Amino acid sequence: MWTIPFTRNGKFKNSVDGPNGDHSLIELRNVVKNYKTAVGDFPALKGVDLDMKAGEFVSVIGKSGSGKTTLINMIAGIDRPTSGEVWVNGTAVHELNENQMARWRGRNLGIVFQFFQLLPMLSLVENIMLPMDFCKTFPHREREERALHLLDQMELADHAYKLPSAISGGQQQRVAIARALANDPPVILADEPTGNLDSKTADTVFELFGQLVSEGKTIIIVTHDSGLAKRAARTALIADGEIVNEFVARALPTLTHNQLLKATRQLETIKYDAGAMILHEGESRQNFHIVTKGTVEVFLQRENASDVVVAQLGPGKYFGEMEYFHDQENRASIRASETTPVEVVALDYDELHALLSESEATREALHEAAHKHEEENIQHRGEEK
Amino acid sequence: MITRWKKVWTDFWGNKTRTFIMVLTIMAGVFAVGFNQNLGLMMNRDMDADFLSANPSEATVYISPIDDDMVGIARNVEGVDEVEGRSDVAVQLVQPDGKKVPMQVDGLKSPDTVNVNILKPNNPADNYLPTLADKEILLDRTASSFGYQPGDIITVELSGGKTRQLRVAGYVHDVTSIPYGMSGQATGFVNLDTLEWLGGSSTHYSRLLISVAENPTDQGHVSDVTQAVADRMEKGGATIYFILIFNPGHHFAWETTQGVIVVLGVLSWLTVFLSGFLIINTIVSLMTQHVKQIGIMKAIGGETRQLMAMYIVLILSFGSAAFLVSVPLAALAAKTVLTGMGSYLNFDIGPFTIFPQTVIQQAIVAFIVPLVAALVPMLNTVRITVREALSDYGLGREEKQKPAKTIVRGMGLMSRPVRISMRNVFRRKGRLILTLSTLILGGAIFIAVMNLFDTFDKTMEDVEKYFLADINVSFNRAYRYDEVAALTMSVPGVKSAEGWMILNGEIVSADGETANELALVAPPSDSNLIEPIMTDGRWVMPGDENAVVVGNHLLSVRPDLKVGDWITIRINEKESEWHIVGIYRIPGNVIPPLVYVNYEYLSQLVNAPGDVYSLRIITDQHDQASVEPIAKQLQEVYDANGIQIGYVQMASEWRAQQTSQTDVLVYFMLVMAIITAIVGGLGLMGTMSINTLERTREIGVMRAVGASNMDIQMIVLVEGLTIGMISWAISLLISIPITYLLTYGVGVAIFKAPLGFTFGVDGIVTWLFGTLIIAALASALPARRASRLTVRDTLAYE
């Protein structure tokens with residue numbers, strides 16, 4: 001539906017194009033942000049680590065006050081970390097002064113706000129031209145043409161010379177997106193971009209974001225609407241100033257944010273080389289595992305000592321649930337796939353027990369999964385016989 | 001146009017109310033400085049140019065009749081540039097309604113052969129003077145208020161009571177004479193034959209007009225040269241009656257106008273200072289409104305220096321508008337006022353001029369002052385981080401400190417909206433201080449100016465203590481007191497009449513070499529029409545014989561005199577010894593110095609017991625409406641009985657005459673005080689606007705919980721009124737030193753001595769009402785705007 005036809009350079013400096021590149025476009029390293037308040041320091045971010053790759057569409061979700069806007073402000077350079085590092089497109093954002101920040105932001109980031117934040121005294125086309133003026137990214141004579149083209153892409157060319165007050169909220173947000181694209185930045189940040197829009201208009205905006213991602217832009221949106229957040233390729237959940245392990249969130253979606261955070265804090269990360277054995281059938285175990293990187297293979301031992309792979313589990317999938325509900329003895333063997341190394345996070349059964357005692361829904365979901373996997377195993381074993 | 005400059009333009013032009021206030025704020029200072037500068041420069045240029053072009057005399061010697069030969073001798077005295085003899089007659093101009101106005105008629109050989117105090121055409125554009133035939137009179141143009149046209153016939157009454165008819169030949173401009181409006185005496189010019197017909201002399205002169213060759217403004221030099229002329233005349237057998245030297249080399253009003261310029265200068269720069277405060281306030285207000293926009297611009301790549309440049313251009317745009325309007329406006333206003341002053345003070349106005357030095361000063365006030373004033377608030381705002389700019393704007397930011405407990409405790413009895421108002425007053429302390437500073441300074445200046453008026457009034461009251469009568473009558477010669485008193489008492493409404501004697505004399509120095517002019521004023525020893533202000537010794541008592549009370553003006557030329565001294569006074573060529581028994585003080589300029597003696601003794605001394613030169617009359621009713629018909633009737637009675645009167649003057653006329661010079665100053669300062677009050681009001685309006693803007697969401701919340709339009713308006717109004725009242729209270733204190741400064745400066749500039757400090761209630765009460773009105777007006781618009789906001793508007797406000 002929308003295509004952005006011409007760009008300034010459009011290339012990322014320190015990243016490989018596309019979502020599968022190895023290098024991160026955005027990196028947050030142990031970012032801490034404390035706000036001084038009348039009653040003392042308030043920690044908004046508590047040592048956040050986060051990587052985002054070029055071309056990703058990431059949604060940051062969390063409850064009100066969880067720190068999601070602070071997180072995005074760190075990336076945008078709107079706010080500075082108390083400690084830690086923020087790297088965006090190869091630039092140490094945390095080291096820039098206010099002026100360098102403004103210049104860098106104008107050229108590298110497009111920002112979309114919840115309340116659109118168009119300058120009320122400028123026409124729509126002038127609002128879009130303003131970043132180009134500040135950053136001198138396009139020759140003067142091309143700026144209006146580009147602004148009009150962007151408006152045309154947003155299907156708002158007919159309103160180009162109107163003031164923001166003369167158009168609807170949804171239209172204003174599309175103009176704000178056009179303004180964010182004015183300098184052709186590689187990254188678009190959007191803070192609650194649909195928070196002030198009806199659901200139909202919100203859909204349209206998300207459609208637009210999806211289109212931009214397909215054209216190579218990296219988009220990070222902050223939202224509290226988990227339904228819309230799911231339309232992003234990746235979701236970063238933030239709770240109480242900390243990032244919840246996204247694979248845990250994916251594996252155990254019925255836990256509350258705080259329960260997920262509690263689980264995240266208990267996790268132990270374990271790495272395996274490609275093809276390495278992770279668990280042997282029949283051995284006793286104490287941990288529930290969630291795959292975070294690579295693929296693990298679940299296999300059953302044949303009578304002739306050969307094995308049969310009954311399942312391949314990618315990131316966000318888990319194993320160890322059957323054992324939790326039964327005798328804590330492995331019902332199948334698990335190894336890293338031959339092609340890639342594997343990373344898993346392990347949650348002690350005692351911790352899992354504590355979580356499940358607080359979340360009946362999760363207990364039921366896990367129990368059902370365990371039951372289903374048990375039946376699948378039985379079925380496989382029956383077939384083998 | 002590059003988009004960011006388009007934004008600057010829309011900021012400037014899009015919000016016309018704000019631009020108007022901003023431009024008006026800057027204009028106040030630019031106009032005040034320009035007006036004062038232009039007025040001063042044009043006045044000094046035109047007054048001096050017109051005055052000096054008349055080859056003015058620096059001194060006038062009143063002398064017994066002398067002829068052309070004696071004038072020739074005087075002309076040859078060293079240091080003299082030109083001497084001209086003049087003879088004159090004192091007549092009464094009888095107006096159609098019967099009212100008589102004293103008029104001095106000078107005799108001239110021809111209007112265009114005058115060499116000293118040269119007459120000029122009434123209209124400066126004309127190059128010729130009207131001719132003067134027999135029985136024709138040229139009137140000084142300041143007498144044009146009588147309405148006579150060339151060709152009209154006027155009637156004058158001679159000292160003997162005879163009347164003569166003269167044809168008005170036209171008007172002339174005599175820049176060296178004190179205008180009729182101020183002196184109460186008209187001036188006319190006739191040829192020598194006509195002068196003789198009116199009872200004057202066509203061959204002998206009674207006045208010598210002396211123009212010195214060098215240093216015309218050096219009082220000492222002028223005095224020496226004049227004394228040399230006087231000595232030479234005395235050697236030639238003439239008698240010197242009196243020497244008048246007043247502000248030599250300058251127009252008679254020069255000192256007053258310098259005072260006006262000095263005071264206006266101080267006030268205009270105070271206005272600039274005030275305007276600077278207001279600019280800070282308005283810029284803070286503007287920047288507060290723009291915080292979010294600045295945040296957005298920074299978020300999309302705007303650098304601090306780019307934003308700074310935008311706001312500097314915006315400020316300069318306000319300054320440019322103020323400059324473009326104020327430069328011609330100040331020049332035109334100065335020219336208009338100067339035209340009025342020229343007419344009032346009797347000098348011709350030169351061409352309209354824009355003075356480069358004024359324009360430069362105005363440019364500094366229009367461009368540099370706003371930039372300097374705005375620099376800190378601009379820097380503070382454009383350097384704000386994006387997060388600060390975009391976070392939670394619309395709700396009043398939380399105070400760092402809680403309101404003082406005492407204030408909170410004291411609010412217990414107030415209604416809730418009033419309590420909110422009170423708290424709001426102190427929420428933004430920095431802004432409150434700026435607003436208060438503007439209002440306080442404006443109020444203090446206003447009160448100080450009002451105090452100056454009171455000081456003038458007090459000064460006039462002090463002067464009036466020496467002139468307590470309801471009607472003063474001056475006779476052209478001595479009359480028997482019994483005779484004139486009886487006539488006077490025959491007029492209904494007259495309560496009492498005192499006969500006074502006034503004689504010219506000279507105080508002779510101890511070595512007998514020099515003498516200083518003085519006038520002996522002799523009221524009856526039991527007079528109750530004088531309440532002197534004594535600074536030492538006592539007043540003259542019944543039974544005193546050679547007792548004299550000298551005043552501050554004599555002491556200024558003879559500082560060695562003190563109570564107990566014996567002095568020699570020459571009266572009618574006879575010397576007599578006098579004992580100083582007291583020293584009095586009278587404000588203002590008195591020429592020559594007056595000394596007070598007993599009527600009984602003086603009249604004996606000059607062998608004229610029972611003779612009087614003037615009557616001081618008290619009427620039953622003292623208001624002007626009651627006194628005026630009595631004065632008219634007295635004139636008729638004196639005329640009917642052949643009494644030659646110099647003038648019949650009511651106290652109100654005397655007072656108007658006395659205050660005519662200070663009135664100029666008073667009105668100018670009143671204008672400046674009003675400008676400062678307006679500037680203060682603008683400051684408060686700006687503050688109230690931004691306060692309500694900042695609290696838009698709070699207003700929404702209050703509306704949502706049931707606050708009515710009236711409640712919202714009251715909260716804003718009470719806040720404004722409270723700020724006004726606080727400023728009023730503090731301005732009372734600040735006005736004290738300003739009043740001291742003003743009364744001292746004006747006293748020294750105009751009266752040659754500091755005026756007494758007066759702190760009247762007029763200023764306090766007027767400013768109290770002024771503050772309340774200004775505060776109410778300044779809060780009304782923001783209050784109305786606040787009350788019109790809907791809950792939806794306010795809670796959605798971002």
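**Close-up views of chains A and B**

**View 1. Buried and exposed faces of helix H11 in chain A.** In this predicted model, helix H11 (residues 349-358) of chain A holds the buried residues Leu352(A), Leu355(A) and Leu356(A). Because these three cover an arc of only 95° around the axis, they sit on the same side of H11(A); the arc is that of the directions from the helix axis to the C-beta atoms. The face turned away from this buried side carries Asp350(A), His353(A) and Ser357(A), which are exposed. A residue counts as buried if 20 or more other C-beta atoms lie within 10 Å of its own, as exposed if 12 or fewer do, and as partly exposed in between, with C-beta atoms placed from the backbone. Helices (H or I, at least four residues) and strands (E, at least two) are DSSP runs, numbered from the N terminus. Residues are numbered from 1 along each chain as its sequence is written, and chains are lettered from A and ligands numbered from 1 in the order in which they are written. Local features need pLDDT of at least 70 and side-chain atom pairs count only at pLDDT 80 or more, whereas totals for chains, interfaces and linings use all residues.

**View 2. The open sheet of chain A and the helix across it.** Four strands with antiparallel pairing form an open sheet in the order S2-S1-S4-S5 (chain A), where two strands pair if DSSP finds at least two bridges between them. Strand S2 (40-53) and strand S5 (91-92) of chain A are the edge strands, each pairing on one side only. Strand S1 (residues 24-37) of chain A runs antiparallel to S2(A) and is joined to S2(A) by 11 bridges, and Lys33(A) stands opposite Leu45(A) in S2(A). Helix H1 (residues 68-76) of chain A lies across S1, S2 and strand S4 (83-88) of chain A, at about 120° to S1(A); axes are lines fitted to C-alpha atoms, for helices over the stretch in contact, and angles run from 0 to 180 degrees between N-to-C directions.

**View 3. The side of chain B that touches chain A.** Contact, meaning C-beta atoms placed from the backbone that lie within 7 Å, links 23 residues of chain B with 25 residues of chain A. Helix H1 (3-14), H7, helix H8 (304-345) and helix H10 (386-390) of chain B each supply at least two residues of this side of chain B, and the largest share, seven residues, comes from H1(B).

Terms used
Contact = placed C-beta atoms within 7 Å.
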